[in-house]
Amino acid sequence: PRVFCNHAFFFPWKVTAELAQVFPKTNFLTINHCSQADLARSPKWMREQAHCVQLAQDHKNCFMGVVDSRNFLKHCGLERCITVPNLVRWPNQPATHRPKTDRPVCSIVGRFDPNKAIIHSILAAAINGRVDLLFILKKPPRGQLEDFCESVGVQYEFAPWSSWDDYLKIV
């Protein structure tokens, strides 16, 4: 292949290093799909990113992709560290969830984690005053979220999280 994408460090950096030497005409792109703040909480993933950045410096056919458009790696003068935005997958089936409102609905999807700034999203909906929220979260502290939404006047719903494919059906 002309480009080999290693999403979310699926293959360890050593595999990419070996393949890059065996297939010098193929470009190898490792993409970190999370924020640096999230990555910093895991020494394992910080090391993996560091090795992939080093591969990008040492091999002209290796690249490190980050989703943050500020791309701090590039601003540090590192070569072949590029911005690759997270892609939105369009559903290929009709939505299975019907919101209980006629107002615009913003979905908040993923795991409940301080780095995801879910509280900021709730506050943004409160400030806007014209949008309702649909929470699709892994193990949410539902009672706390309900209490907070109600305290700032935000209408909300919960839908269960089970898989990415189910999420696409919901939206």
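In this predicted model, β6 and β7 run parallel and are joined by 3 bridges. The pair belongs to an open sheet of 3 strands in the order β5-β6-β7, with parallel pairing, and the sheet is accompanied by the helices α5, which touches β5 and β6, and α6, which lies across β6 and β7. The points below take up this sheet, its helices, the nonpolar cores, one tryptophan, and the strands β1 to β4.

**The sheet β5-β6-β7**

- Within the pairing of β6 and β7, Leu134 has Glu157 of β7 as its bridge partner.
- The strand order is β5-β6-β7, and the edges are formed by β5 (105-111) and β7 (156-158), each of which pairs on one side only.
- From one strand to the next, the twist of this sheet averages 20°.

**Helices packed on the sheet**

- Helix α5 packs on the sheet through contacts with β5 and β6, and its direction makes an angle of about 170° with that of β6.
- Helix α6 lies across β6 and β7, and runs at about 165° to β7.
- Two packed helices are described by the angle between their axes and the distance between the axes.
- For α5 and α6, the axes come within 10 Å and cross at roughly 25°; since angles under 35 degrees count as roughly parallel, the two helices are therefore roughly parallel to each other.
- The crossing in which α5 passes α6 is right-handed, and the contact is made by Ile118, Ile119, Ile122, Leu123 and Ala126 on the α5 side and by Leu145, Phe148, Cys149 and Val152 on the α6 side.

**Nonpolar cores**

- The largest nonpolar core has 12 residues, namely Ile108, Ile118, Ile122, Ala125, Val131, Leu133, Phe135, Leu137, Leu145, Cys149, Val154 and Phe158.
- Two or more residues of this core come from each of the elements α5 (118-128), β6 (132-138) and α6 (142-152).
- Ile118, a member of this core, touches Ile108, Arg111, Phe112, Phe135, Leu137 and Leu145, when residues up to four places away in sequence are not counted.
- Apart from the largest core lies another one of 9 residues, which includes Leu39, Val53, Met64 and Val66.

**Trp161**

- Trp161 is found in the loop between β7 and α7 (164-170), and it counts as partly exposed because its relative accessibility is 22%, while buried means under 20%.
- Trp161 and Val109 are 52 residues apart in sequence, and their C-alpha atoms are 8.2 Å apart in space.

**Strands β1 to β4**

- Strand β1 (residues 3-7) runs parallel to β2, to which 5 bridges join it, and the bridge partner of Phe4 in β2 is Phe28.
- Strand β2 (residues 27-32) is mostly covered, with 5 of its 6 residues buried; 5 bridges also join β2 to β3, again in a parallel arrangement, and here Ile31 has Gly65 of β3 as its bridge partner.
- Strand β3 (residues 62-66) has 4 of its 5 residues buried, so it is largely enclosed by the rest of the structure.
- Strand β3 is joined by 3 bridges to strand β4 (residues 81-83), with the two running parallel, and in this pairing Gly65 stands opposite Ile82 of β4.

How values were computed:
Residues are numbered from 1 along each chain as its sequence is written. This is a predicted model: local features need pLDDT of at least 70, side-chain atom pairs count only at pLDDT 80 or more; totals for chains, interfaces and linings use all residues. Side-chain values use heavy atoms; hydrogens and water are left out. A nonpolar core is a set of buried Ala, Val, Leu, Ile, Met, Phe, Trp, Tyr and Cys residues joined through side-chain atoms within 4.5 Å. Buried means under 20% relative accessible area, exposed over 50%, partly exposed in between (1.4 Å probe, protein chains only). Contact means heavy atoms within 4.5 Å. Two strands pair if DSSP finds at least two bridges between them. Axes are lines fitted to C-alpha atoms, for helices over the stretch in contact, and angles run from 0 to 180 degrees between N-to-C directions. Angles under 35 degrees count as roughly parallel, over 145 as roughly antiparallel, 65 to 115 as roughly perpendicular and the rest as oblique. A crossing is left-handed if the near helix is turned anticlockwise from the far one by less than a right angle, and right-handed if clockwise.
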